Amino acid sequence: MFSEDRKLADIEEVPSDSTLLVTLRDGFDEHEALLIRLADGVACWKNACQHWTDVRLDKGSGARVADGEIWCQKHGATFGAVDGECTHGPCEGAYLEEIAVTVHEGAVYLTDDDYEFDHRGPSDDIDLSSRGRIDFSGT
Ligand code: FES
């Protein structure tokens, strides 16, 4: 269960004021997920806003996080880092899709049987040219 090939990060590498992006695999499909440090562990969420699910919360350099909430920079939806619930914005009441991780001996392991760990950082499958819509950050 806690094999080296399912180790996502050391816990010290996971920020509480931003997110750490990882790429998971489900067969041939890649999926991005973001890790965020909580007071009592780490949460892992699919890197997709619940308003427009093709919009990434973490564009590769960490999502914006304030007051324990992850922000979507497209239309300003906020999601609780602990429970993934959208507390404000166009998808209020929706939940981010959770991916199971477990902290063990100072490291974060992928314990969701639906996925394999591929690599740290953005997915190679993301077509950045199709994500070029302007958002709050101008990126
Ligand atoms: S796409 Fe995230 S709030 Fe609209």
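How much accessible surface does the protein chain have, and what share of it belongs to carbon and sulfur atoms? Turn on a surface for the whole chain: you're looking at about 7,200 Å², with 46% of that area on carbon and sulfur atoms. Keep in mind that this is a predicted model.

**Whole chain, as cartoon.** Switch the surface off and colour by secondary structure. You'll find 11 strands and zero helices, so the radius of gyration is the next thing to check: at 14 Å it is close to the 14 Å that the globule rule gives for 139 residues, so the chain is as compact as a globular protein of that length. Along the principal axes, the C-alpha atoms fill a box of roughly 40 × 35 × 25 Å.

**Inside the fold.** Colour by relative accessibility next. Buried residues make up 46% of the 139 in the chain. Among contacts with a separation of 6 or more, 56% are between residues 24 or more positions apart.

**Charges.** Select the charged side chains: 12 are positive and 30 are negative. The centres of these two sets lie 6 Å apart.

**D67.** Zoom to the loop between β5 (64–66) and β6 (69–71), where D67 sits. Its phi is near 50 degrees, a positive value in a residue other than glycine. D67 counts as exposed, since its relative accessibility is 82% and the cut-off for exposed is over 50%.

**E105.** Last stop: the loop between β9 (101–104) and β10 (107–110), which holds E105. E105 isn't a glycine, yet its phi is positive, at about 45 degrees. Buried or exposed? E105 is exposed, with a relative accessible area of 75%.

Notes:
Residues are numbered from 1 along each chain as its sequence is written. This is a predicted model: local features need pLDDT of at least 70, side-chain atom pairs count only at pLDDT 80 or more; totals for chains, interfaces and linings use all residues. Side-chain values use heavy atoms; hydrogens and water are left out. Helices (H or I, at least four residues) and strands (E, at least two) are DSSP runs, numbered from the N terminus. The radius of gyration is taken over C-alpha atoms; the globule rule is 2.2 Å times the number of residues to the power 0.38. Buried means under 20% relative accessible area, exposed over 50%, partly exposed in between (1.4 Å probe, protein chains only). Contact means heavy atoms within 4.5 Å. Accessible areas come from the Shrake-Rupley method with a 1.4 Å probe; for residues, only the protein chains shown count as cover. Lys and Arg count as positive and Asp and Glu as negative; His and the chain ends are not counted. The place of a charge is taken as NZ of Lys, CZ of Arg, CG of Asp or CD of Glu.
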